[in-house]
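Visitor: I should like to learn how to read a model of this kind, feature by feature. Where should we begin?

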Amino acid sequence: MAQSVNITELSLPQLELLKNQLDQMYVPGKLHDVEHVLIDVGTGYYVEKSADDAKDFFKRKIDFLTKQMEKIQPALQEKHAMKQAIVEMMSQKIQQLTALGASQAAAAKA
C-alpha cells in the first residue's frame, strides 16, 4: 500500500502501474492523475485523497497495526509455548503407550 503511494509522488502524468485483478491476475494500466488517488478504507469503502493525505493515512494505519501487533505478541508467544508443552507431553504419552503395548504383546506371546 505505502509503496503505491510513493509511486504516485512521481510527477509523471502517464505513470505505469499494475492493477490487481482477482488477487492473481495483473493487467497493465496507466495512472492519469497522480495528485489524487482512491484508497480502500475497509469494508468496500473507497475515499479519494491527495497523494500526501493518502501517504499520511497509510503511515497512521501502519503505526496502528504495528502497535496492535506489539500488544498481541506476548500473548501469542505464551500460546506458542503452551502448544509446545502440550505437543511434548502428548509425544511422551504416545511413547509410553507404545512401549506399554509392546510389552503387553511380548507378555502375551510368552
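Guide: Let us begin with the core. This is a predicted model, and its largest nonpolar core is made up of five residues: Val37, Ile39, Ala54, Phe57 and Phe58.

Visitor: Which elements supply at least two residues each of this core?

Guide: Strand β3 and helix α2, residues 51-109, each do so. The largest share, three residues, comes from α2.

Visitor: How should the core be placed within the chain as a whole?

Guide: One reads the order of the elements. The chain has two helices and four strands, and along the sequence they follow the pattern α-β-β-β-β-α.

Visitor: What percentage of the residues of the chain count as buried?

Guide: A residue is called buried when its relative accessible area is under 20%. Of the 110 residues here, 10% count as buried. The chain exposes about 9500 Å², and carbon and sulfur atoms supply 61% of that area.

Visitor: What share of the contacts join residues at least 24 apart in sequence?

Guide: Among contacts between residues at least 6 apart in sequence, that share is 20%.

Visitor: Let us turn to strand pairing. How many bridges join β3 to β4, and in which direction do these strands run?

Guide: Six bridges join β3, residues 36-42, to β4, and the two strands run antiparallel. One of the bridge pairs to inspect is that of glycine 42, whose partner in β4 is tyrosine 45. The two strands form a hairpin, with two residues between them.

Visitor: What is to be noted about phi in the turn of this hairpin?

Guide: Threonine 43 lies in the loop between β3 and β4. Its phi is near 50°, which is a positive value in a residue other than glycine.

Visitor: Is threonine 43 buried or exposed?

Guide: Threonine 43 counts as exposed because its relative accessibility is 77%, and the cut-off for that class is over 50%.

Visitor: How should one read the side chains of a strand?

Guide: In a regular strand, side chains alternate between the two faces of the sheet. In this model, one may then ask how well a given strand is covered. Strand β4, residues 45-50, is hardly covered, for the count of buried residues among its six is zero.

Visitor: Why does tyrosine 45 count as exposed?

Guide: Tyrosine 45, a residue of strand β4, counts as exposed because its relative accessibility is 56%. Together with Val41 and Val47, Tyr45 forms a nonpolar patch on the surface, and the three have about 260 Å² of accessible area together.

Visitor: We have considered nonpolar groups. How many salt bridges does a search of the whole structure find?

Guide: The search finds one. Aspartate 63 forms a salt bridge with lysine 59, and their closest N and O atoms are 3.3 Å apart.

Visitor: Where do aspartate 63 and lysine 59 lie?

Guide: Both are in helix α2, four residues apart, which is about one turn of the helix.

Visitor: Why is aspartate 63 classed as partly exposed?

Guide: Its relative accessible area is 34%. Partly exposed is the class between under 20% and over 50%, so aspartate 63, at 34%, is placed there.

Technical notes: Residues numbered from 1 in each chain as written. Predicted model: local features only at pLDDT ≥ 70, side-chain atom pairs only at ≥ 80, totals over all residues. Heavy atoms only, no water. Buried < 20%, exposed > 50% of the residue type's maximum accessible area, 1.4 Å probe, protein only. Pairing = 2+ DSSP bridges. Patch = residues over 30% accessible without salt bridge, like charges linked within 9 Å, V, L, I, M, F, W, Y side chains within 5 Å. Areas by Shrake-Rupley, 256 points an atom, 1.4 Å probe, with all protein chains shown as cover. Salt bridge = Lys/Arg side-chain N within 4 Å of Asp/Glu carboxyl O. Core = buried A, V, L, I, M, F, W, Y, C linked by side-chain atoms within 4.5 Å. Contact = heavy atoms within 4.5 Å.
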